[in-house]
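Dear colleague,

I am handing over a structure for you to look through, and below it I have set out what was found in it. Please keep the picture open beside the text as you read.

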Amino acid sequence: MNSTITGIGTYVPEKIVSNSYFEKIVDTNEEWILKRTGIKERRAVNNETTVEMARLAALNLINRYNKDLSDVDYIIFASTTAEHKIPSLASQLQYQLGIKNAGTIDIVAACAGFIYGIIQAQSLISIGFCKKVLVVASEVLTRYTDYTDRTTCILFGDAASVALVEPSLNCKIYKPVFGTEGEHGYAVYLSEFADKLNSKSIKNTNKIVQDGKKVFKWAVERMSEKFIDLLKLNDLHANTIDFFIPHSANLRIIEAICSNVNFDKSKTLNSVTQYGNTSSVTIPLALDLGIKNGMVKTGNKLLLIGFGGGLTYAGTILDWEI
Ligand code: UT7
């Protein structure tokens, strides 16, 4: 049984944080931020929690697509910002949305989390175990941002997105690529209880620490390879792809991948310009922007690749049917 996304919903907090704000707290300037990252602004929560933002994103989906979520049979929740270790974010959301009964699981795959979720949803449906899977991404990254570090504090924002995955007769989620290079784990980490990671000393601050240059180089190199691998695996040519939606960490990463694989960058969607790096949420957020501005249309083929902390990545292609 094939499946695809049959509804999407997003939520972004009201509070806008402009580039000029950072001039007041660290040694930076608006021009540097825009030129080196492509970010114009990002959002920050007031009191919303990770699960509350997800709930509001789910309500957005229900209202837009007239979907009943009460019979969702599985919730996969991607996040790195859970307020509680137990219970899971997915089980809190099941209760809050009044879903009668569902399997619930959280996944931590950093910025690749949403795509890992989509791959798992597709697998559960294709085996026949599930009929309606809710894939959720929600992040309150501003809570874990070190506002004394100019190399990271300018990047992150808060947002949530949900996607419903259901069986489809005409559309499908194609064969995925995924992989991990755990030896580079220290390149992006968020640690609270340990001084060492893979036997290397780390900052135990409960804030995001990143070797931006290393991740940048790795992302461009590996995602360019994986873009080509995904097409080969599915016997598709790049000219059949209507939109490429990579993780929105930095506009220059997206441009460099397009240049490496000779893909027209005007056929990419990003959310980084408007919302900064929202980790697992960037891909569905970019897709939603594309839907709202009329670019993404029924019958489009979308190529999605997430990458980040792990270091891990996951990509797939899907037919857009709504
Ligand atoms: O989502 C998870 C995965 N994460 C990523 O994909 C992030 C990938 N990395 C990046 O997006 C970029 O590496 C950053 C945006 C983090 C940094 O941009 P960059 O162009 O790679 O800068 P850089 O690290 O090469 O630094 C260039 C210069 C340095 O100064 P010196 O040593 O040349 O004097 C930095 O100290 O820019 C300086 N710099 C800044 N200057 C003004 C770094 N951050 C800032 C800043 N404002 N905010």
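A good place to begin is helix H5 (residues 113-127), which lies across E1, E4, E5, E6 and E7 and runs at about 165° to E6. Please bear in mind throughout that this is a predicted model.

The strands that H5 lies across belong to an open sheet of five strands, which has the order E1-E7-E6-E4-E5 and mixed pairing. Its edge strands, each of which pairs on one side only, are strand E1 (3-11) and strand E5 (103-107). From one strand to the next the twist averages 15°. A further helix, H3 (residues 50-65), also packs on this sheet, where H3 touches E1, E4, E6 and E7, and the direction of H3 makes about 120° with that of E1.

Within the sheet, strand E6 (residues 133-140) deserves a careful look, because eight of its eight residues are buried, so E6 is largely enclosed by the rest of the structure. In a regular strand the side chains alternate between the two faces of the sheet. In E6, Val133, Val135, Ala137 and Glu139 point one way, while Leu134, Val136, Ser138 and Val140 point the other way, and all of these are buried.

Which strands pair with E6, and in what sense? Strand E4 (residues 74-78) is joined to E6 by five bridges, and these two strands run parallel; here phenylalanine 77 stands opposite valine 136 of E6. With strand E7 (residues 158-167), on the other hand, E6 pairs in the antiparallel sense over eight bridges. Two of the residue pairs you can look for between E6 and E7 are alanine 137 opposite serine 161 and valine 140 opposite aspartate 158.

Turning to the chain as a whole, you will find nine helices and 15 strands. The radius of gyration is 18 Å, close to the 20 Å that the globule rule gives for 322 residues, so the chain is as compact as a globular protein of that length. The C-alpha trace spans about 55 × 45 × 40 Å along its principal axes, and buried residues make up 49% of the 322 residues. If you consider the contacts with a separation of 6 or more, 75% of them are accounted for by residues that lie 24 or more positions apart.

How is the chain divided by its domain assignment? The assignment gives domain 1 (3-167) and domain 2 (177-319), and the centres of these two domains, taken over C-alpha atoms, are separated by 15 Å. The contact between them takes 42 residues from domain 1 and 44 residues from domain 2. On the side of domain 1 that touches domain 2, at least two residues are supplied by each of E1, strand E3 (41-44), H5, E6 and E7. H5, the helix with which this account began, gives the largest share of that side, namely six residues. By kind, the residues of that side of domain 1 divide into 22 nonpolar, 13 polar and seven charged.

With best wishes

Definitions and conventions:
Residues numbered from 1 in each chain as written. Predicted model: local features only at pLDDT ≥ 70, side-chain atom pairs only at ≥ 80, totals over all residues. Helix = DSSP H or I, 4+ residues; strand = E, 2+ residues; numbered from the N terminus. Rg over C-alpha atoms; globule rule 2.2 N^0.38 Å. Buried ≥ 20, exposed ≤ 12 C-beta atoms within 10 Å, placed from the backbone. Contact = placed C-beta atoms within 7 Å. Pairing = 2+ DSSP bridges. Axes fitted to C-alpha atoms, helices over the stretch in contact; angles between N-to-C directions. Domains from an automatic or database assignment. Nonpolar A, V, L, I, M, F, W, Y, C, P; charged D, E, K, R; others polar.
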